[in-house]
Amino acid sequence: MTGPMMRAARIHRWGEAPVLDVVERPQRAEGESLVKVEAAAVSHLDLTVAGGDFDLKPSLPYVGGTGGCGVVVESDTHPAGQRVMLRGGGLGLKRDGTWAEYVVAADRHLNALPEGLPPGVGATFFTPLTTAASALRHTARLGEWNLDGIDSASDELVVVGGAAGGVGSMVVQLAMREGANVIGVVADDDQAASLPAGVEAVVATDDARAAELTRDRPASLLVDTLGGAGLGARSGWVRSGGRAVSIGYVAGTDLTLDLPNWLLQDVALLPVNMIRRDRQARALAAELAPRLVDGELKVDVEQFGFADAGRALELLASGRLRGRAVLVPQEAW
């Protein structure tokens with residue numbers, strides 16, 4: 001260790017909490033930029049990779065973090081001092097990621113952020129905003145699905161599973177922005193209170209309301225970030241010819257369908273795979289990020305120090321985060 005040093009949260013063993021290490025600061029090569037990290041996102045992809053069961057496995061130990069926000073220190077392409085979004089190019093997957101005080105990234109994978117966007121939002125908005133927008137526009141085709149009685153988004157009744165989470169809350173906001181009616185499934189009364197006015201909150205333990213929704217099937221669309229065994233039951237709240245869009249799996253990775261009843265329900269089950277939609281996602285981010293600056297859209301952010309990366313992952317895994325988690329560097333040492 002001869003060069004400048006930095007702190008970084010690194011995964012040493014699959015399935016175990018990150019460890020705060022002191023490591024050598026990375027050096028950039030041609031076509032790369034050195035960026036001082038202001039905030040690093042903690043995402044479900046990070047959680048999945050750290051578990052060790054994902055097909056993409058970095059060499060241990062590795063610096064986690066597939067996304068973040070920082071300020072350019074050295075670059076041949078981007079001006080020093082420019083705030084940029086960090087994502088893509090194998091960060092946190094094939095090379096050390098953003099859970100560090102400094103990170104090196106390919107110039108082509110850095111995107112300038114709008115003026116006035118706070119670092120915590122800049123680090124975390126991309127995944128929830130673009131996933132929610134892609135799910136509604138391109139997968140669910142909100143307001144354009146071939147279903148009797150739907151001529152516009154205002155004709156849709158959208159159920160959002162996990163409506164208080166990062167992606168779920170953005171689905172709620174975007175659906176309401178288009179004029180849709182929304183039911184939000186949440187874990188408890190505190191999460192219910194966090195939903196925007198006009199959204200019907202359904203607490204996951206409210207068996208009576210769930211039974212009514214199963215009986216009446218009033219929804220035209222389910223956008224589900226929870227997954228698990230409950231996905232099949234929630235898709236039963238959608239009327240025949242509607243669709244259930246699956247985004248996440250915080251409630252479990254396994255789903256069992258009773259095929260005769262699923263066929264009888266006639267609800268399309270559609271996956272959202274954002275890994276292959278990067279170009280589409282970047283276009284959506286450029287279009288919608290200004291709405292975060294002017295306050296039309298909102299991302300809730302919960303901050304943790306690098307030493308608390310394990311705690312952030314634990315809360316994320318249990319669905320107890322309100323919004324998005326970021327790791328923030330401490331004062332220089």
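**Figure 1. The lining of the largest cavity in this predicted model.** Leu-231, Gly-232, Ser-235, Ala-244, Leu-255, Leu-257, Trp-262, Gln-265, Val-267 and Leu-269 make up the wall here. The space they enclose comes to about 50 Å³. Two helices, α7 (230–235) and α8 (259–265), each put at least two residues into the lining, and α7 is the top contributor with three. Sort the wall by class and you get seven nonpolar residues, three polar ones and no charged ones.

**Figure 2. The second largest cavity, with charged residues in its wall.** This one holds about 40 Å³ of space. Its lining is made of Arg-7, Leu-20, Glu-101, Phe-306, Ala-307, Pro-329 and Gln-330. By class, that breaks down into four nonpolar, one polar and two charged residues. If you're keeping a tally, the structure has three cavities of 30 Å³ or more.

**Figure 3. The largest nonpolar core.** Nonpolar side chains in soluble globular proteins tend to end up buried together. Here, the largest such core counts 48 residues, and Phe-125 and Leu-292 have the most contacts inside it. The elements that chip in two or more residues are a mix of helices and strands: α2 (119–124), α3 (126–139), α4 (166–177) and α9 (278–293) on the helix side, plus β9 (157–161), β10 (181–186) and β12 (219–224) on the strand side. Another core, of 31 residues, sits apart from this one, and its members include Leu-34, Val-63, Leu-110 and Leu-315.

**Figure 4. Zooming in on Phe-125 and its neighbours.** Which residues does Phe-125 touch, leaving aside those up to four places away in sequence? The list runs to Met-85, Leu-113, Leu-117, Thr-130, Ala-285, Ala-289, Leu-292 and Val-299. One of these, Leu-292, shares with Phe-125 the distinction of having the most contacts inside the largest nonpolar core.

**Figure 5. Stepping back to the whole chain for context.** The chain carries 10 helices and 16 strands. Along the principal axes, its C-alpha atoms fill a box of roughly 70 × 40 × 35 Å. How does the radius of gyration match up with a compact globule? For 333 residues, such a globule would come out near 20 Å, and the chain has 20 Å, so the two agree. Of those 333 residues, 49% count as buried. Take the contacts between residues at least 6 apart in sequence, and 66% of them join residues at least 24 apart.

Conventions:
Residues numbered from 1 in each chain as written. Predicted model: local features only at pLDDT ≥ 70, side-chain atom pairs only at ≥ 80, totals over all residues. Heavy atoms only, no water. Core = buried A, V, L, I, M, F, W, Y, C linked by side-chain atoms within 4.5 Å. Buried < 20%, exposed > 50% of the residue type's maximum accessible area, 1.4 Å probe, protein only. Helix = DSSP H or I, 4+ residues; strand = E, 2+ residues; numbered from the N terminus. Contact = heavy atoms within 4.5 Å. 1 Å grid on protein atoms, 1.4 Å probe; cavity = no way out; pocket = protein on both sides within 12 Å on 5 of 7 lines; lining within 4 Å. Points joined across faces, edges and corners; volume = space filled by probe spheres on them. Nonpolar A, V, L, I, M, F, W, Y, C, P; charged D, E, K, R; others polar. Rg over C-alpha atoms; globule rule 2.2 N^0.38 Å.
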